[in-house]
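Subject: Structure handover

Hello,

Here is the structure I promised to pass on. Please open it alongside this message; my notes follow.

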Amino acid sequence: MSMFKSSKFVSVVMSAALLAAGGGATAATPANAAKPSIVLVHGGFVDGSGWEGVYKILKKDGYDVTIVQNPTISLADDVAVTRRVIAAQPGPVVLVGHSYGGVVITEAGNDDKVTGLVYIAAFAPDKGESVNTLIKDPQPGAPVPPILPPQDGFLLLDKSKFAASFAADVNRDTAAFMANSQVPWGVDALGGAVSNPAWQSKPSWYLVATDDKMIPPPAQRLMSKRAGATVMETGGSHAVYVSKPNVVARLIEQAASNVKVFLAGPHARTISGQMFPINGDSKAAS
């Protein structure tokens, strides 16, 4: 069943727990809690340059940040490119995906180096699901993305409708540039199915963009709930990572801080679900 069928919002708030061998609690300390590297994965129709604002904030705050330039031709290729970037990192990784990038991190996140997943207005598929299966039955009345008919196996958005559907809160010049610099999205990538969802075994965080016209907010809430993610909401378009880099960076940093416990020892782990405040215009799901 498509995640877009239901508009019901069910919020789950879990308490975060730090568990060590034998059931005792442990807390990360400066000596054993080095910052993880951050790897950013873009979605369809765009490239990694949209992460620039988020990148600058994270770098200023002392994080090692790498942006994946996935070709968006097939899921298998995008996962392979992302895994190569993960392998090049010096230690643990927090993997971040926007839109279709959420599919990529759901599969690539099974890498042993990955300690946490962050979804930014993204698809978070379950086993056997793809973008195609998640969007095949849109909820009545949901906005329809202005995707043009495929050409030679690739998709583009209608340039004249790009800003309204993808980047309504991005400044006009930037939105126009994004529309005119689109990366064709391979039809095969939309059909790529996840084999082993990393969110089933690793903590995850999810930012819902409440004004999204590409992935309806009700679908974002359902996917984040299913993943057991820490859920935050903010007003924003599908390009919230461009329009509100501070909100996005703060959530990534909260995730990075929470997963430091993985560095405390081989038996330590984190259970996701703790709600963290981001700033005045974002809110915890409730």
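**Strand pairing around β2**

Strand β2 pairs with strand β4 (residues 93-98) in the parallel sense, over 5 bridges. Please keep in mind that this is a predicted model. To find the register, start at V39, which stands opposite L95 in β4. S37 also has a bridge partner in β4, namely V93.

β2 pairs with strand β3 (residues 65-68) as well, again in the parallel sense, here over 4 bridges. V39 is useful once more: its bridge partner in β3 is T66. The link between these two strands is helical. β2, helix α1 (residues 52-60) and β3 make a β-α-β unit, and the unit is right-handed.

**From β4 to β5**

β4 also runs parallel to strand β5 (residues 114-120), with 6 bridges joining the two. One pair to look at is H98 in β4 with I120 in β5. The chain gets from β4 to β5 through helix α3 (residues 101-108), and this β-α-β crossover is right-handed.

**Burial of the two strands**

How many of the residues of β2 are buried? The count is 5 of the 5 in residues 37-41, so the strand is largely enclosed by the rest of the structure. Both of its faces are covered. S37, V39 and V41 are buried on one side, and I38 and L40 are buried on the other.

β4 gives a similar reading. Here 6 of the 6 residues are buried, so β4 too is largely enclosed by the rest of the structure. V93, L95 and G97 point one way. V94, V96 and H98 point the other way. All of these are buried. The H98 that pairs with I120 is therefore among the residues counted in the 6 of 6 for β4.

**Helix α5**

Next, a helix. Which residues of α5 (residues 159-166) are buried? They are F162, S165 and F166. Seen down the helix axis, they fall within an arc of 95°, so they line one face of α5. In general, an α-helix has 3.6 residues a turn, so residues three or four places apart point the same way. The face of α5 turned away from the buried side carries exposed residues, S160 and A164. What covers the buried residues of α5? The cover includes β4 and α6 (172-180).

**Whole protein**

Now the overall figures. The protein has 10 helices and 11 strands. It has 286 residues, and buried residues make up 52% of them. Among contacts with a separation of 6 or more, 74% are between residues 24 or more positions apart. The accessible surface comes to about 11,900 Å². Carbon and sulfur atoms account for 55% of that surface.

**Confidence**

The mean pLDDT of the protein is 84, and 79% of the residues reach 70 or more. Two stretches need separate mention. Over residues 1-32 the pLDDT is below 50, and this stretch has 71 contacts in the model beyond near neighbours in sequence. Over residues 261-286 the pLDDT is also below 50, and that stretch has 85 such contacts in the model.

Best wishes

Key: Residues are numbered from 1 along each chain as its sequence is written. This is a predicted model: local features need pLDDT of at least 70, side-chain atom pairs count only at pLDDT 80 or more; totals for chains, interfaces and linings use all residues. Side-chain values use heavy atoms; hydrogens and water are left out. Buried means under 20% relative accessible area, exposed over 50%, partly exposed in between (1.4 Å probe, protein chains only). Contact means heavy atoms within 4.5 Å. Accessible areas come from the Shrake-Rupley method with a 1.4 Å probe; for residues, only the protein chains shown count as cover. Two strands pair if DSSP finds at least two bridges between them. A crossover is right-handed if, with the strands pointing away from the viewer, the path from the first strand over the helix to the second runs clockwise. pLDDT is the predictor's confidence in each residue, from 0 to 100. The arc is that of the directions from the helix axis to the C-beta atoms.
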